[in-house]
Amino acid sequence: MSSIENDIKINIKNILKNSGECSNKEIADKLSYLKRESIPNAVITIGIGSSSIIAGAVDTLNAIKNYISTKNIKADVIETGNLGFCSEEPVIGVQLPGKNLVLFKRVDAKSVEFIFDAIFSNDIISNKVLCQVHNSLHHPWEDIPYMEDLPFFALQRRNLLRNCGFINPESIYEYIARGGYKSFVKSIINYPCTKVCEIIEESELRGRGGSGFLTGLKWKIALTSEANNKFVICNADESDPGAFTNIILLEGDPHRLIEGIAIASYATGADKAYIYIRSRHNLAYQRLNKAIQDAKELGLLGYDIFNSGVNINIIIKQSPGAYVCGEETALIASLEGKRGMPVTRPPYPAVKGFNGMPTVINNVETLANIPDIIDKGPAWFKNSGTFSSKGTKLFSLGGKVKNCGVVEVPMGISLKDIVFKIGEGVKDDNKFKALLIGGPSGYFVPEHKLNIEIDYEKLRDEGFSIGTGGLVVIDESGCIVEITKFFMEFTARESCGKCIPCREGTKIMSDILHSVTRKPVNGSGHETLERFKGVMQLEGLADVIKNTALCGLGKNAANPLVSSMKWFKEEYEEHIFDRKCYVNVCKQLRCFKIDAENCNGCNICFQKCPEKAIIGTVLQPHFIISNKCTGCGICYDNCKFSAIVVV
Amino acid sequence: MNDKNIDSILKKYPVGKSENLIFILQEVQDLIGYISIESVEKISKYLSLPTVKIYGVATFYDEFRFNTNVKYTVKVCEGTSCHLNKSSELIEEIKYQLSLINGSKEEEQIFCLQIVPCMCACDKGPVFTIENEYYTFASPEIVKPALDKFIEKNGI
Ligand SMILES: Cc1cc2nc3c(=O)[nH]c(=O)nc-3n(C[C@H](O)[C@H](O)[C@H](O)COP(=O)(O)O)c2cc1C
């Protein structure tokens with residue numbers, strides 16, 4: 001292995017300049033080995049990343065190592081990133097010489113032995129197999145579906161994700177063998193900065209961080225701004241509850257991002273690039289760190305790269321954690337060592353950003369798109385997508401959906417296809433209720449609107465937006481009002497407190513939603529009137545916050561509220577007028593009754609009730625005084641005879 | 001002992017440049033586990049920043065802790081998927097159980113609770129971790145046994 005690496009190191013310039021096609025046969029062979037086209041012995045891959053570690057992948061890895069050493073099998077074990085198919089994790093792959101790679105699903109430590117016993121005698125345990133991966137150089141396995149045949153993968157177009165789950169993210173050589181860093185070298189050697197900006201502009205790539213701003217244009221603005229220093233910042237602060245698209249790229253293919261950042265730095269004339277990553281993503285941090293070290297060692301980063309006079313310097317900074325720091329101006333404040341509070345725009349960061357200098361801030365996914373656009377050209381990129389939204393988009397699909405994970409789909413696919421074809425519909429065959437797009441400042445999409453295509457403009461026209469790409473499926477057991485309240489609480493908690501509309505408004509909205517999801521605490525006073533007044537004010541309040549808040553956090557805070565009131569009005573009415581949550585999620589709205597048949601008068605509920613709402617004498621059936629009951633459920637939890645029922 | 005270490009952290013950064021404040025705080029916390037009063041005073045002198053400014057920045061972020069002794073972290077996911085699977089009940093229970101173990105004095109807390117937005121395991125929710133042990137599909141009932149097991153194993 002190490003001699004191969006050495007050879008590549010020495011010939012790196014030739015390999016990268018000749019677009020990966022290598023005249024030297026020896027090196028070509030070595031690259032083909034790294035691509036696992038021809039392998040001398042079995043190769044076992046295992047996806048190790050945040051989601052699979054939780055599924056137990058580390059135990060599986062140990063079991064694999066154990067198996068190989070005890071059975072004395074000659075095989076390379078390679079830790080890859082995750083494939084994105086979270087609900088089937090841990091996923092492992094086995095490639096025997098001359099045969100297609102086979103992926104196995106849900107491989108816990110216990111199942112390693114029988115899977116391996118079988119495959120090393122050319123047999124496959126069919127209920128553990130996920131699929132085989134097509135490769136014209138290898139022989140296929142019989143009766144095993146191909147990756148493209150599985151519903152989860154059939155409609156995906158995996159460009160950004162194509163290495164994730166297959167290559168070793170800690171090996172720069174594997175990335176290079178698959179064409180990596182070609183685009184970067186091509187850019188710095190063949191194109192002036194302006195040309196790179198033009199190519200990206202022509203591709204019509206739009207920011208994937210939520211705003212959808214044209215990336216090429218942003219770069220051009222920074223390039224043409226006069227200043228002593230310029231910066232590129234990669235926004236890897238992904239901290240939406242329920243979105244994990246960036247992390248899979250960071251963990252699975254860090255070099256793609258590094259290459260994207262390097263190209264961005266070159267194109268905008270930046271002195272330094274920062275990666276701003278949430279500090280709890282340790283694995284991603286380690287892998288990025290290694291990627292940068294390795295790229296430096298090969299002379300791909302640093303000073304005077306390949307004698308071109310270009311200097312590129314990438315530094316990772318760990319975000320100390322606050323949701324609002326994902327917002328670009330807050331992010332800059334945080335990088336400058338201040339409280340992460342946004343400032344008004346304009347001036348936009350591309351004109352005046354970090355340390356007052358022009359700063360390009362791009363999302364991880366945006367930057368990961370860059371190498372392919374340079375390599376294959378803007379026309380290739382524009383091939384997929386719609387009129388105004390080109391390329392592919394990552395979504396994390398979660399909630400009550402059968403197939404959970406990160407998917408990459410061409411723009412223009414309908415939400416329905418994502419949920420019902422890729423996701424294979426609702427878990428446990430429950431009824432679909434709503435799709436949540438875009439996290440806590442996102443929108444609820446009702447079933448009859450699922451035909452909308454993924455497209456910045458089309459979604460906007462219908463009153464939705466893509467956001468950072470979180471999709472959460474809510475089934476019939478979910479309560480829309482409660483989820484809205486959950487998001488309002490989230491935003492109120494994460495509001496930085498700088499502008500009053502956001503700081504106060506989100507708090508008031510969440511208080512109003514609270515009052516709707518619980519019974520009156522005491523019957524006296526004006527509580528009911530206050531509640532109605534609050535509800536009447538909700539829409540107006542939402543409007544004010546939207547129009548007056550300083551940053552995107554406040555401006556979008558009311559989105560879930562407004563969209564849920566629009567599409568799920570009847571649920572609000574049930575909560576407000578009937579004071580009922582028919583799916584029994586809002587606990588404080590529950591009404592209890594004691595079933596006299598089952599109550600043997602043990603008196604426990606009487607003793608536990610904090611409101612003294614239960615009366616009765618020992619050994620006689622008890623009774624709940626309904627207008628004293630606040631629905632806390634303590635009696636319900638404590639009754640050993642199932643005598644207390646929800647009505 | 002601590003003082004020396006903090007000096008060695010500070011030395012890595014230029015004097016008086018307050019833009020490095022957050023990175024210094026991160027290093028201090030990595031080293032001694034929390035942001036101590038003494039460290040804030042030292043940083044204040046070194047960067048020529050009033051201590052109140054340093055606290056102002058440090059308290060803004062979730063990451064920084066100011067109490068001593070916290071040795072173990074319990075993380076629980078509050079992502080939307082986990083929420084749909086009733087993570088709020090789990091969080092309540094974890095808070096309750098930790099309050100029993102930690103007692104009321106802040107300086108004596110052994111466990112700290114971090115509520116994180118997403119652990120990328122949306123199909124396995126609710127999820128929580130005690131240091132490096134993962135619990136998936138977690139119901140409130142498993143919290144106490146899990147903590148008991150951890151405490152026994154680590155001889156706390
Ligand atoms: C409250 C809030 C949170 C945000 N969080 C993120 C984030 O986690 N990641 C991200 O890339 N952009 C986030 N953004 C958007 C950024 O402000 C910015 O638009 C984006 O990083 C620009 O990159 P792009 O042009 O590649 O999309 C957030 C915006 C707001 C208002």
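**Close-up 1. I634(A) and its contacts, K608(A) and P610(A), with neighbours within four places in sequence left aside.** A contact here means heavy atoms within 4.5 Å. K608(A) lies 26 residues away from I634(A) in sequence, yet their C-alpha atoms are 7.0 Å apart in space. I634(A) sits in helix α26 of chain A, residues 634–638. Helices are DSSP runs of H or I with at least four residues, strands are runs of E with at least two, and both are numbered from the N terminus. Is I634(A) buried or exposed? With a relative accessible area of 31%, I634(A) is partly exposed, the class between buried (under 20%) and exposed (over 50%), using a 1.4 Å probe and protein chains only.

A word on the model before moving on: it is predicted, so local features need pLDDT of at least 70 and side-chain atom pairs count only at pLDDT 80 or more, while totals for chains, interfaces and linings use all residues. Residues are numbered from 1 along each chain as its sequence is written, chains are lettered from A and ligands numbered from 1 in the order in which they are written, and side-chain values use heavy atoms, leaving out hydrogens and water.

**Close-up 2. The largest nonpolar core, with 78 residues.** Such a core is a set of buried Ala, Val, Leu, Ile, Met, Phe, Trp, Tyr and Cys residues joined through side-chain atoms within 4.5 Å. Y181(A), F184(A), W219(A), I275(A) and L300(A) have the most contacts inside it. Helix α12 of chain A (residues 254–268) gives this core its largest share, eight residues. Apart from this core lies another, of 62 residues, including C499(A), C586(A), L25(B) and V57(B).

**Close-up 3. L300(A) and the residues it touches.** Not counting residues up to four places away in sequence, the partners of L300(A) include L16(A), I172(A), Y181(A), F184(A) and F306(A).

**Close-up 4. The ligand and the 18 residues that surround it.** A residue belongs here if one of its heavy atoms lies within 4 Å of the ligand; G209(A), K218(A), N362(A), N363(A) and T366(A) are the closest. Strand β9(A) supplies the largest share of this shell, three residues. By class, the shell holds three nonpolar, nine polar and six charged residues.

**Close-up 5. Ligand atoms beside K218(A), G326(A) and E328(A).** A ligand oxygen is 2.8 Å from a side-chain N or O atom of K218(A). A ligand nitrogen is 3.3 Å from a polar backbone atom of G326(A), and a ligand oxygen is 3.0 Å from one of E328(A).

Methods
Polar contact = N/O pair within 3.5 Å; in protein donor to acceptor, adjacent residues only side chain to side chain. Nonpolar A, V, L, I, M, F, W, Y, C, P; charged D, E, K, R; others polar.
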